[in-house]
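Dear colleague,

I am passing on the structure we spoke about, with the sequence alongside it. Please look it over first, and then read the notes on helix packing and nonpolar cores that follow.

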Amino acid sequence: MGSIFIVVCITVALALIFDVINGFHDAANSIATIVSTRVLSPRFAVMWAAFFNFIAMFIFAPKVANTIAKIIKIDQGDNAFIYVVLAGLLGAIIWDLITWWYGLPASSSHALLGGLVGAGLAYKGTSVINWDVVTKTAAFIPIAPLVGVVLGFFVMIGVIWLVHKWTPKKVDTTFRAGQLISAALYSISHGANDAQKTMGVIVAILVAGKIYTPDIELSMGNQTLWIIMACQVAMAAGTMMGGWKIVKTMGMKLTQLKPVHGFCAELAGSCSIFIATHLGIPISTTHTISGSIIGVGSVQNLAGVKWETAIRIVAAWVLTIPAAGIVSALVFWGIRALHCGF
């Protein structure tokens, strides 16, 4: 077994670990509202989310994965690209763990984007970066939370108009049940968009390792099926583990939620992500649900939104791409310093 093949296998294993961490880190996105409104206990909420994360693979084509796989222009004649993908992945993992430790819902997607770009720049500068893909993804950094805010606001207004003659007890009972559906929809959208990002990384490393050709496309009907299955299982496993620090920030510190608010926030968030996934755009599920929660909370009372917490979250978003990029660049330079083949 050659050393290149061993590095490829290690990178694939790390990618699946990243998927577990992503599910662990982003479990809050799927279950924050359903836990904070006490519709389900934390234990049953993560089981609910994990199941619907997994079945996303049967609903959406892997367009997002194909986008991620093309961030770096891989030259199959240059083995160093294997280490570029490896360093990009390690940078994203390290940044994800740092933000998890401090309870900040930073974007795993942007950590991955920043990590791959940072490692690519560290190796050969701007020429190896597919800027069309990076630009398209970066454009949705401000768009995703804004769409979440707007949709959350108008869904909440629509629901208020629909139930304005109901008794408070009927509203609460109806949307407690409804939140089971909205949480399931949001979990499907999370599994569809986020798990595909890791699939893209695995395709990139297999192309760099000359196992697949650059024109390979992920599909349930060819030799890439195992990648789709492995990533969805890893994401579901990570979600089962949960991320309680971030649940607390997302579901309890942004604004006070009732079942009707949780329903509206999850419905607005899932609709936004369904559209992006269909278009093949890797967006931040964290950004989207945060924006939806703020949009819903602002209908009640703008003063009810805890802006200090929201600003702290936005600061983490702004830092994520450059920070993950810097970490990945350092990792790549470290590998190069130790590797006699460069």
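**Helix packing and nonpolar cores**

In this predicted model, helix 6 (residues 131-163) packs against helix 10 (residues 259-279) at an angle of about 135°, and their axes lie 8 Å apart. Because angles over 145 degrees would count as roughly antiparallel and those from 65 to 115 as roughly perpendicular, helix 6 and helix 10 are oblique to each other. The crossing in which helix 6 passes helix 10 is right-handed. On the helix 6 side the contact is made by V147, G148, L151, G152, V155, M156 and V159, which meet V260, H261, C264, L267, A268, C271 and S272 of helix 10. Sorted by character, the residues of this contact comprise 10 nonpolar and four polar ones, with no charged residue among them.

Turning to the interior, the largest nonpolar core has 65 residues, of which I71, I74, L89, M199, V201, L206 and I227 touch the most other members. At least two residues of this core come from each of helix 1 (3-36), helix 3 (63-68), helix 4 (80-101), helix 5 (108-124), helix 6, helix 7 (168-208), helix 8 (225-241) and helix 12 (307-338), and helix 4 gives the largest share, with 12 residues. If neighbours within four places in sequence are set aside, I227 is in contact with M199, I202, V203, L206, Y212 and L218. Another core, of 18 residues, lies apart from the largest one, and its members include Y186, V260, I283 and I289.

With best wishes

Key. Residues are numbered from 1 along each chain as its sequence is written. This is a predicted model: local features need pLDDT of at least 70, side-chain atom pairs count only at pLDDT 80 or more; totals for chains, interfaces and linings use all residues. Side-chain values use heavy atoms; hydrogens and water are left out. Axes are lines fitted to C-alpha atoms, for helices over the stretch in contact, and angles run from 0 to 180 degrees between N-to-C directions. Helices (H or I, at least four residues) and strands (E, at least two) are DSSP runs, numbered from the N terminus. Angles under 35 degrees count as roughly parallel, over 145 as roughly antiparallel, 65 to 115 as roughly perpendicular and the rest as oblique. A crossing is left-handed if the near helix is turned anticlockwise from the far one by less than a right angle, and right-handed if clockwise. Contact means heavy atoms within 4.5 Å. Ala, Val, Leu, Ile, Met, Phe, Trp, Tyr, Cys and Pro count as nonpolar, Asp, Glu, Lys and Arg as charged, and the others, Gly among them, as polar. A nonpolar core is a set of buried Ala, Val, Leu, Ile, Met, Phe, Trp, Tyr and Cys residues joined through side-chain atoms within 4.5 Å. Buried means under 20% relative accessible area, exposed over 50%, partly exposed in between (1.4 Å probe, protein chains only).
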